Structure formats: structure tokens, C-alpha cells
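User: Could you take a close look at one part of this chain for me? I'd like to hear where it sits and what surrounds it.

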Amino acid sequence: MLRPKIPTMPTPTGHHAPPAVVEPTTVTPAGQTPPPVPVAPAPSRPTVQLTPGTALALVGGGTAVALVVGAVLVSMLLAIAITGASVAICALVVRSLLASEAKRR
């Protein structure tokens, strides 16, 4: 019932040509040719020239990125500090409630 069924290979039909016979060929070296003269490679990309305007734009962009990253990091640090302070206050309140409950007994 749970035996796998192995597919059977279909039998070929129609006319079959015999495989072509490939005969090896000999390689004959050509006459001595002079080596090619090396050519200086062309630059793969053009050189970038910084004008005062583009340098100022790059400095302004870098400053903006630094300010944004700094603001994000400071806000994350502030969120962690606020969370820690609130957890500490909650711990003090719970400890106070437990201590007052113990004194009543």
C-alpha cells in the first residue's frame, strides 16, 4: 500500500541516427608574429573634480547626517534613562506596599 511507484523509462520511437564520429585534427602553429604593442589602458571612470560648491555641499550633507544620527542616539539614550527611572519608581512603590502590609500584621 505504501510502496513507491518507480516510473519506467519510455522507449524511444522514430528514426535514430547513429552518433557522428569526430576525428581529431592537428594544430599547426602559424608563423612567428610580433607581440602586440601594449596600449595604455583607458580610465575606467572619469576623474571627479571638486569645485568649491560641491565641497561645500558635501560638508553640509555630512554635517546633516552627523546631526541626525546624533539626535537619534541621544533620543534612544533618553528613552532608556526614562524607562529605567520609571522601573525604579515602580520598584520603590511595590517595596513600600509590601513593607506596610508586613507592619500591619
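Analyst: Happy to! Let's start with Thr83, which lies in helix α1, a run covering residues 52-104. Please keep in mind that this is a predicted model. Is Thr83 buried or exposed? The answer falls in between: Thr83 has a relative accessibility of 46%, so it counts as partly exposed, given that the exposed class begins over 50% and the buried class ends under 20%. The side chain of Thr83 also has a partner in the backbone, since one of its polar atoms lies 2.8 Å from the backbone oxygen of Ala79.

Another residue to look at in helix α1 is Val72. With a relative accessibility of 42%, Val72 counts as partly exposed because that value falls between the two cut-offs. Val72 also belongs to a nonpolar patch on the surface, together with Val65, Val68, Val69, Leu73 and Met76. The accessible area of this patch adds up to about 550 Å².

Now for the whole chain, which may help you place these two residues. The chain has one helix and zero strands. How much of the chain is made up of buried residues? Of its 105 residues, 0% are buried. The chain exposes about 10900 Å², and 72% of that area is supplied by carbon and sulfur atoms.

Definitions and conventions: Residues numbered from 1 in each chain as written. Predicted model: local features only at pLDDT ≥ 70, side-chain atom pairs only at ≥ 80, totals over all residues. Heavy atoms only, no water. Helix = DSSP H or I, 4+ residues; strand = E, 2+ residues; numbered from the N terminus. Buried < 20%, exposed > 50% of the residue type's maximum accessible area, 1.4 Å probe, protein only. Areas by Shrake-Rupley, 256 points an atom, 1.4 Å probe, with all protein chains shown as cover. Polar contact = N/O pair within 3.5 Å; in protein donor to acceptor, adjacent residues only side chain to side chain. Patch = residues over 30% accessible without salt bridge, like charges linked within 9 Å, V, L, I, M, F, W, Y side chains within 5 Å. Salt bridge = Lys/Arg side-chain N within 4 Å of Asp/Glu carboxyl O.
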